[in-house]
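Biologist: I would be grateful for a close look at a single part of this model. Please take one strand, follow its residues in turn, and set out what surrounds each of them.

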Amino acid sequence: MSLWKFGDFEAEVDFTDADFLDVLDEAKAAMHEAEQNVPVVGKNSDIVRAQCACFYVFFDTLFGEGAGERILCGKNSIKLCNEAAESLFDFETAEAKALDSKYNKYMPNQNAMQQFPNPQPQSSGNRQQRRNYQKQYGKGKYSNTGR
């Protein structure tokens with residue numbers, strides 16, 4: 001579990017917790033549903049206000065009622081809304097990278113496995129590819145085994 005901060009808002013998030021991921025999916029779905037109410041024509045201020053309302057719905061669903069108000073400070077700035085969402089996305093990306101680096105040390109070394117190729121009979125490929133394979137591994141009538 002990690003602490004995500006944006007402005008004065010702080011919340012514990014855990015992108016490895018299934019329950020948190022369920023709530024995150026619910027928040028995305030709620031935001032998508034709210035986007036259906038955004039007008040496409042009209043006053044710019046009304047359109048921006050409706051777009052910002054989508055972010056309020058997202059943050060309220062994710063972190064609890066009133067979270068959108070605390071994160072966005074009651075403002076209807078689409079720039080601020082995007083910055084908050086990008087901050088959370090960047091935080092998720094950083095957490096994923098940290099988790100990957102932690103678990104990569106338990107993965108088998110791919111380079112070590114490539115040092116010892118396991119030649120298997122090759123039945124696919126065109127004639128030239130089969131000949132090159134046979135020359136390399138010394139099988140078949142085209143091998144260079146000293147004939």
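**Strand β1 and its surroundings**

Modeller: In this predicted model, the largest nonpolar core holds 30 residues, and those that touch the most other members are Trp4, Phe59, Phe63, Ile71 and Leu72. Two or more residues of this core come from each of β1, β2 (9–13), α1 (18–35), α2 (44–63), α3 (67–72) and α4 (78–104). The greatest contribution is that of α2, which supplies 10 residues.

The strand in question, β1, spans residues 2–6. Trp4 makes a suitable starting point. Leaving aside residues up to four places away in sequence, Trp4 touches Phe9, Glu10, Ala11 and Val13, and also Phe59, Phe63, Ile71, Ala84, Ser87, Leu88 and Phe91. Among these partners, Phe59, Phe63 and Ile71 belong, like Trp4 itself, to the core residues that touch the most other members.

Ser2 also lies in β1. With a relative accessible area of 18%, Ser2 counts as buried because this value is under the 20% limit. The side chain of Ser2 is joined to that of Glu95 by a polar contact of 2.8 Å. Beyond four places in sequence, the residues that Ser2 touches are Ala11, Glu12, Val13, Phe91 and Glu95.

Ser2 and Glu95 appear together once more, in the lining of the largest pocket. The volume of this pocket is about 150 Å³. Its lining consists of Met1, Ser2, Val13, Asp14, Phe15, Thr16, Glu92, Glu95, Ala96 and Leu99. Of the elements, α4 gives the most to this lining, with 4 residues. By character, the lining divides into 5 nonpolar, 2 polar and 3 charged residues.

Phe6 is a further residue of strand β1. Its relative accessible area is 15%, which is under 20%, and Phe6 is therefore classed as buried. Outside the four-place window in sequence, Phe6 touches Ile71, Leu80, Glu83, Ala84 and Ser87. The pair Phe6 and Ser87 is separated by 81 residues in sequence, yet the C-alpha to C-alpha distance is 7.3 Å.

Taken along the strand, the contacts can be summarised as follows. Ser2 touches Phe91 and Glu95, Trp4 touches Ser87, Leu88 and Phe91 among others, and Phe6 has Leu80, Glu83, Ala84 and Ser87 among its partners. Helix α4 covers residues 78–104. Ile71 is a partner of Trp4 and also of Phe6, while Ala11 and Val13 are touched by Ser2 and likewise by Trp4.

Terms used. Residues are numbered from 1 along each chain as its sequence is written. This is a predicted model: local features need pLDDT of at least 70, side-chain atom pairs count only at pLDDT 80 or more; totals for chains, interfaces and linings use all residues. Side-chain values use heavy atoms; hydrogens and water are left out. Buried means under 20% relative accessible area, exposed over 50%, partly exposed in between (1.4 Å probe, protein chains only). A polar contact is a pair of N or O atoms within 3.5 Å; within protein, one must be able to donate a hydrogen and the other to accept it, and residues adjacent in sequence count only if both atoms are side-chain atoms. Contact means heavy atoms within 4.5 Å. A nonpolar core is a set of buried Ala, Val, Leu, Ile, Met, Phe, Trp, Tyr and Cys residues joined through side-chain atoms within 4.5 Å. On a 1 Å grid over the protein atoms alone, a cavity is a set of points where a 1.4 Å probe fits but cannot get out, and a pocket is an open set with protein on both sides within 12 Å along at least five of seven lines; lining residues have an atom within 4 Å of a point. Grid points are joined across faces, edges and corners, and a volume is the space filled by probe spheres set on the points. Ala, Val, Leu, Ile, Met, Phe, Trp, Tyr, Cys and Pro count as nonpolar, Asp, Glu, Lys and Arg as charged, and the others, Gly among them, as polar.
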